Amino acid sequence: MRQRLYLFTLLLLGLLSSSHAQSNPYGVDPTATPIACTTIDLDFEDGQLPTDWLNVSLEGSRQWVLKTFDENTALRMTAYQSGSKCTTAFVSPLIEFPENEGRGYQLNFWSHTGYANGAKLVTKLLDRNGNVVQVLEEFIKESHPDWAPFWDEHTLYLPDTTEPGYICFEYIGNDDNTQGPIMTTTYEIDDIVIEPANAEQELTASVSSYDFYSRAINEDHTYAITFLGRNLPEDIQLSLTDSSKVFTLSTTTLSKEGGELVITYHPTEGGSHSASLSATAGDLYEGIMLYGRGLDPSNPYNVNVTMTPQALDEDFEPYGWDDSGYNLPKGWSQIPLKGRVAWEVRDYNNNMFLQINPFGLGVEVETAVTTPLIDMDPTKSYTLSFDYNWGFANGAELSVLLLDKAGKVVKELTTLSHTDNVLWRDDFTPMEILLPSGCDDSFITFLYRGLDSDDKSLKRTTAYRLDNVKVYAESDQPSSGSIKASESRVDFGEFLVGERDEYQISLTGEDLSEDMTISLEGDEGFTISPTTLPKEGGDITIAFDAKKSGSFTTKILVKSGEASLAIPVLATVEGNEGDDDDDPTQASYHFDTTATPISLNEDFESGSLPEGWSSQALVGTRQWIIKEYNSNQYAQFSAFKSGEQLTVGLITPLVAIDAAKEYELQFDLKSGFCNGATLKVCLYDAQGQLTKELKTFTATEPEQGYADNFTTETIVLPKGISNSFILFEYEGDDSSQSKRTTTYQVDNVKVSQITSLQDVVTTPAYTIDGVKLILTDHSSLTLYTVDGTMVAHGDYPAMSQLTLEPSKCYILLLNGITYKLMTRK
């Protein structure tokens, strides 16, 4: 009732004087009787909001509420899922502050934050009429996921005054991206106490350091720092130690109560700058470091153009390094263009490498790290090589730039980007880039671009690692010799079961340091002899015994030191001699019915057809191959330039499936140069009998080039099946005028169990309420319809809600576990 009375009073005052209403936005009662300040001792343990405090929504409709966790009750406010801007104030009763020998009073309280992303908690002192006398603190918790592990203690000093006033805790956030950045931090407040301050002298500043980051040269850039003095004997004196003369102060003196100081940064040339700001009053001292980097358009990454060129071969092991503050090797430099994140040398598994990871910053990030000036001869051809790894990939980019010796960008060599959103890859991926001809002394810059946003569709925080960065001329590389063969490919042609044939190949070694070793990659029906040859070379014989029908492939692997050679070998067995049975299950694909079932999760990163997989051509001679692009390997098939009709299957090993459980097939698919060829996905049982044609793809675009990205396809397998084979069958034609030669690429083939609906309902990770999926913990999820259409993807905080279609089945991948769930009407 009292709160309603206050609001009614505000309404009456607004009718009488609009200017008065604007000066009292919190709706306080100027005629109230003040209470003693020492009676303010609020811990909320009675579970009730105090009736003499105001809970006012200035923007939006949200208000402070009480929440209990772990037997502690606290005041809580958040803008999360409000869909609007939120400015909400919790205002004390009118408080009397009697004189305290000039010492004033101190306001003590504790705060706790959850899912911090920029919302503010502002503590103010108001006068009797609701006007702001002083902003005591503007608190913005550094971005972090989930709840902070500890509470923050606040001690704020109130000026000594005989005038009554109010204490106001104001939450400022936003959950409407049309109104500005999303800022939905959850704040909790507890144990609010006011007590007389002691006679201690204090000098504080609003920041301990400030970084202007990269700023255009010959322009002014300003920042304001607030100083607060308490019980100081004299005014605050300010001085600046700045050898570069690029920072200036708006004043050198502030009153002993404090005030605002404006810093101006005016870089006149590119490069890094720093200065030390000192504030003194009597024996008290406060130091603040200032940083900035001048941005010269002709040298955007601030490289040292006066350094002596040198060879580049860096493995980041710690010897001869500069003390650069970023722990970089000697001669390397970096510049954060946006956001405060640096490349750093890290150590894992006794290997050191360069790493960047912007997760948790909550800002846009653009940071460049640059090599020393590289000694290069324009008459030679050079190659840049490096190893890189990535983790938690969601689209952040790593660009590799070539800079001339003046620091100007000559060419963007490549841009890497990954979206697989998994932990770190098991191994580094090697990269080699041929540099443009005629390169003189140059720099190489690795430029990271990302964004740590709470909008999951915009979040790009992939972490990257670099190692073994090297630039070399081919003529400078020691020769490893070479191996040549009389045949680049062996095709035995067609056999009948029981037949045998052999083929002889001549090998020649040039400048080899070791004898040759010969082996087979998979030996089903194939044999090779001899298995060693002198380094000068010799003849080898590959033989094939047709023991069963089907198409068979292997590779002859020849190695000598660093030199190697692979020769593909093909053979096709049609069936028993004289067998004219046209039954398609007899004359089509061969399945290894004696194989041991395995769990299927294949990424094709071995560089060849994985063990247990087979490529079998029913029509034509071409086979599925393993290709690599942009450091990713996958299976590919195309009829382009084959000159024949093609029906060719890619067959998995026998997949372990429990008939009592439900499973799904998931794989990544990309198409290119689409003109009508099809890719059919079929399920065969353990005896090689067709169980079901699962899905047929007929890609229609792009007609030129390839799709930008792989798409993830998810197919729910039939219930009640047991161990099975998966077949990817390509059908196309390059023998007629109406060509069908679409290229299909397949990657990350996986069969996984779908958890039962009963398990979903009882899991603590989330619940289903009608058409709403409610997450009970902070989770990473991907949600699909049963036909494979992605509905949602990303990281979500606890108590997130997703509204789905009624009476519909979905497949949910939550924190690495797959579930099947059904919404209700």
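A salt bridge is taken here as a side-chain nitrogen of Lys or Arg within 4 Å of a carboxyl oxygen of Asp or Glu. In the predicted model described below, Lys124 and Glu170 form such a pair, with their closest N and O atoms 3.1 Å apart. Lys124 belongs to strand S9 (residues 120-127) and Glu170 to strand S13, so this contact ties together parts of the chain that are 46 residues apart in sequence. Both Lys124 and Glu170 are buried. The structure holds 17 salt bridges.

Two further pairs were examined. Arg500 is joined to Glu502 by a salt bridge whose closest N and O atoms lie 3.3 Å apart. Arg500 has a relative accessible area of 49% and is therefore partly exposed; Glu502, with a relative accessible area of 45%, is also partly exposed. A network of salt bridges links Arg500, Glu502 and Asp545. In the other pair, Glu693 forms a salt bridge with Lys680, and the closest N and O atoms are 3.6 Å apart. This pair links distant parts of the chain, with Glu693 in strand S51 (residues 690-697) and Lys680 in strand S50 (residues 678-685), 13 residues apart. Glu693 counts as partly exposed because its relative accessibility is 45%, and the class of partly exposed residues runs between 20% and 50%.

Strand S13, which carries Glu170, also takes part in strand pairing. Strand S13 (residues 165-174) runs antiparallel to S6, and seven bridges join the two. Within this pairing, Phe90 stands opposite Phe169 in S13. Strand S6 (residues 85-91) also pairs with strand S3 (residues 54-59) in the antiparallel sense, over five bridges. Here Val56 stands opposite Ala89 in S6. Strand S6 is mostly covered, six of its seven residues being buried.

An open sheet is formed by four strands in the order S15-S17-S21-S19, with antiparallel pairing. Its edge strands, S15 and strand S19 (247-249), each pair on one side only. On average, neighbouring strands of this sheet are turned by 25° against each other, direction ignored. Strands S15 and S17 run antiparallel and are joined by four bridges, and Glu202 stands opposite Arg230 in S17.

Strands of this sheet also contribute to a pocket. The second largest pocket encloses about 2000 Å³ of space. Its lining comprises 50 residues, and those nearest the centre of the pocket are Glu138, Ile140, Ser206, Val207 and Tyr223. Two or more lining residues are given by each of strand S10 (132-139), strand S12 (152-158), strand S15 (202-205), strand S16 (209-216), strand S17 (221-230) and strand S21 (258-265). S17 supplies seven residues, the largest share of the lining. By residue class, the lining of the second largest pocket divides into 20 nonpolar, 16 polar and 14 charged residues.

Several loops show particular backbone geometry. Asn231, in the loop between S17 and strand S18 (236-241), has a positive phi of about 60° although it is not a glycine. At 24% relative accessibility, Asn231 counts as partly exposed. A positive phi, near 65°, is also found in Phe44, a residue other than glycine. Phe44 lies in the loop between strand S2 (41-42) and S3. With a relative accessibility of 1%, Phe44 counts as buried, because buried residues are those under 20%.

Cis peptide bonds occur before two proline residues of the model. One joins Ser529 and Pro530, with omega about -10°; Pro530 is located in the loop between strand S39 (526-529) and strand S40 (532-533). The other runs from Glu701 to Pro702, with omega near 5°. Pro702 is placed in the loop between S51 and strand S52 (711-716), S51 being the strand that contains Glu693.

The loop between strand S36 (490-497) and strand S37 (500-510) contains Gly498. Gly498 counts as exposed, at 66% relative accessibility. Gly498 and Val573 are 75 residues apart in sequence, while their C-alpha atoms are 9.4 Å apart in space.

Terms used: Residues numbered from 1 in each chain as written. Predicted model: local features only at pLDDT ≥ 70, side-chain atom pairs only at ≥ 80, totals over all residues. Heavy atoms only, no water. 1 Å grid on protein atoms, 1.4 Å probe; cavity = no way out; pocket = protein on both sides within 12 Å on 5 of 7 lines; lining within 4 Å. Points joined across faces, edges and corners; volume = space filled by probe spheres on them. Nonpolar A, V, L, I, M, F, W, Y, C, P; charged D, E, K, R; others polar. Buried < 20%, exposed > 50% of the residue type's maximum accessible area, 1.4 Å probe, protein only. Pairing = 2+ DSSP bridges. Axes fitted to C-alpha atoms, helices over the stretch in contact; angles between N-to-C directions.
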